[in-house]
Structures are given as structure tokens and as C-alpha cells.
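Here are my notes on the model you sent. They are set out as numbered points.

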Amino acid sequence: MTPPGLRRDGLDARVRLSRGAIEVDVALTAEPGQVIGILGPNGGGKTSTVLALAGVLPLAAGHVEVGGRLWDDGRRRLAPEQRQVGLMLADSLLFPHLRALDNVAFGPRSRGVPRQQARQRARAELERVGLADRESARPGELSSGQQARVALARALATDPALLLLDEPLAALDPDTRARTRSDLAARLAAYDGVTVLVTHDPLDALTLADHLVFVEDGKVSQTGTPADVLSEPRSAYVGTVVGLNLYAGQGDSHGHVRTADGGLIVTTSPTEGPVWATVPPSAVSLHLHEPEGSPRNAWRLRISAVTMQGQSARVGLVGGVPLTAEVTLESVTALGLQVGHDVWAAVKATEVRTYPR
Ligand SMILES: Nc1ncnc2c1ncn2[C@@H]1O[C@H](COP(=O)(O)OP(=O)(O)OP(=O)(O)O)[C@@H](O)[C@H]1O
């Protein structure tokens, strides 16, 4: 809750630092109340960025400004405890000997709030995450999802201007994860500070974040709303996250896109110049013989992987235009799809979408 009269100005940061072998350079901006989702491959610099925002890692250059206050300008910085930050990690790191109420009250207490007032605040926070009736439970008596909600309540009990969530749901099993995700979404909707959420799970990012920032090898490879990113991925990694086959190519005026590897893709979408082309895996059909008929793409490719996903199968294909195809389990059986076999992959030209690079 923002005290009356205190204006919240959101986040304006440029994090520049060296970490291991990589040079991190990540700019982040957000309005109060917004959630920024940071995604990226392992070791890309996501956690380093969050640690720099928290003040645990010093900036080599750049700045961190939160709520109109300069926290770090690359030379002078506020210590972590001087920053209005709430932190939640995959490991909820609750004190095992303290009941839920005192775990949550710990933050305000350590900032000098008197005991009764801190407990009152903790009670309100537990209520907001639906745990009013479990305030006396020790962490060992709570489920993993409840522990995560206590950790969230604790992170918010100090009125942070910046809430940092680093893989907050990663330790939960899929069912608990889904339920806790919706609890988290509800709580974040009522939070008026800025949230930075690091996650590997596209579903977390797509359902919780207003804005996505992809960090690869220390740099921002793409930013945008979830809708922007879903429709127009701009790196191989982002393509994989949103589940589309993505190609960088050069288009001509005849609807032909030539990829860097020499593959040819035919599309009805505008093509001239450097373009990205996407093919949804579900738009790929597989055949044992060369398909005939309307203008479409037909590539002879080799199967590199077959994995089941619910009622369908994902088939990895390598060759001139490497693809992932999503087909029914019946087709896997009927066509006898196996790693190492060659098949024809067909995609209608109308299913290939392009946009400028
Ligand atoms: N304690 C450390 N000391 C030195 N280098 C580190 C340390 N922790 C991580 N690194 C290195 O810093 C780089 C960035 O790591 P970071 O943890 O920020 O990436 P990440 O994107 O969060 O990765 P992950 O998804 O695996 O958590 C990596 O090259 C990593 O090896």
C-alpha cells in the first residue's frame, strides 16, 4: 500500500556489469503496477540483473532509479537494506522455527516497525494471499504452494517499491504451480509497485507479465508485450519459447524466402527484403511420399526426435529447412515415424507468416 501523497514513479534501469564470461547490458523500464517478465537461456544474465537491482551486485555503469529515487548510478549506490525491495526466490527460505505470521512480520520488524504493528501488517498480508487461517503454522506444516504464498506475503510486507521474483514457482509441482500462479496473478494485480519476474516458464511470463524482456548472452534480444512476442518472435530462442518455427531469410517479390542455410520457403505473406518467417508446428503435415497439389512447401527432411505431448507428438526434423512438426499420435503410428527416417514435410504457403527483420 502506498502511503497517501507518495508518488510512485516506477522503474528506470540500465544494468551494466561483468559476470563470469559475460557482459550484462540490460535496460528495463516499467510504470508503477506493471510486471516485467525476464526470460532467457541459462547463464544469460537474468539473475545477475535482478541481483544488481537488489543492490547485491554493483553496477559497473548504468543506473537504477526506482520510485523517483536513484539507487545506483554506477559510482554511488544504496546498500541492499536501504532499497525498498521485496525478494522472492524458488526456495522460499522461510525460517523453519517461526510461524507463518512471524516469518512475514520479520521484514517490517527488521526495519524497525514495533512488534504489534508488524504482526498486524503480516496478518493483513497473509489474508491477501488466502492464508489468514494458517498464521500459526510453521513452514514444515504448510504445503509447498502455501510456503510460496507466505514467501510472497513476506516480500510484500515491507511495502517495496520494487518486487523481485526470481523463478518464484520453479520448485512447485505442476498442479500446485498452476494454482499458485493464479494466486500470484491476483496478488500482483493489487500491488502498485513494479514487479520484475525472472522465469524459464513461458506460461508464467505470458500470464503474469505486462511486458517481456528476453535476455540472451547478457543482452536484450527482444522486448514487447506478450502478444507482440507471440506473434513476432525475433530470435531463435524466442521462437522456441513461443513454440513457432522461425527463420531469418531474404525475401523476393515472388513470395520466396531464402534462408541463410539456403532453404527455400514459399509464402503468400509480403516478403521483399530481410524478413523473419514463421511456421506453426501444427501447420506441418508429414508424408512418406512427395505430396502433390496446391502451391505449398514440401521439404525432404530427416527425423531427429519424436516426443509425445499429451494427445499429439512433436517431431523434430533436420535438413534444408529444419522444423518441428506437431502431428497426431495416429500419424506417428500410421507413418511409422522414427528417428533417422526421411519424410516429406508440407506446409501451405498461406501458413507461413513473414515480417521485416
Ligand atoms: N557467483 C558467481 N560468480 C561468478 N560468475 C557467476 C556467478 N553466478 C553466475 N555467474 C556467471 O554469470 C553469468 C550469468 O549468470 P546468471 O545467473 O545471471 O544467468 P541466468 O540467466 O540467471 O541463468 P539461469 O537461468 O541459469 O539462472 C553466467 O555466465 C554465470 O556462469
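The points below cover the ligand shell, the domains and one pair of helices.

1. This is a predicted model, and the points that follow should be read as descriptions of that prediction.

2. The ligand is surrounded by Arg19, Gly20, Ala21 and Ile22, by Gly40, and by Asn42, Gly43, Gly44, Gly45, Lys46, Thr47 and Ser48. Helix H1, residues 46–54, supplies the largest share of this shell, with three residues.

3. By class, the shell around the ligand has eight polar residues, two nonpolar and two charged. Glycine counts as polar in this scheme, and Gly20, Gly40, Gly43, Gly44 and Gly45 are among the shell residues.

4. The chain is split into domain 1, covering 11–236, and domain 2, covering 244–356. Their C-alpha centres are 39 Å apart.

5. Contact between the domains involves four residues of domain 1 and five residues of domain 2. On the domain 1 side, the touching residues are two nonpolar and two charged, with no polar ones.

6. Helix H2 (residues 100–110) and helix H3 (residues 115–128) have axes that come within 8 Å and cross at roughly 120 degrees. H2 is therefore oblique to H3. The crossing of H2 and H3 is right-handed.

7. From H2, the contact uses Ala100, Leu101, Val104, Ala105, Pro108 and Arg109. H3 contributes Arg115, Ala118, Arg119, Arg121, Ala122, Arg123, Glu125 and Leu126. In the contact of H2 with H3, eight residues are nonpolar, six are charged and none are polar.

Methods:
Residues are numbered from 1 along each chain as its sequence is written. This is a predicted model: local features need pLDDT of at least 70, side-chain atom pairs count only at pLDDT 80 or more; totals for chains, interfaces and linings use all residues. A residue is near a molecule or strand if its C-beta atom, placed from the backbone, lies within 6 Å of it. Helices (H or I, at least four residues) and strands (E, at least two) are DSSP runs, numbered from the N terminus. Domain bounds come from an automatic or database domain assignment. Two residues are in contact if their C-beta atoms, placed from the backbone, lie within 7 Å. Axes are lines fitted to C-alpha atoms, for helices over the stretch in contact, and angles run from 0 to 180 degrees between N-to-C directions. Angles under 35 degrees count as roughly parallel, over 145 as roughly antiparallel, 65 to 115 as roughly perpendicular and the rest as oblique. A crossing is left-handed if the near helix is turned anticlockwise from the far one by less than a right angle, and right-handed if clockwise.
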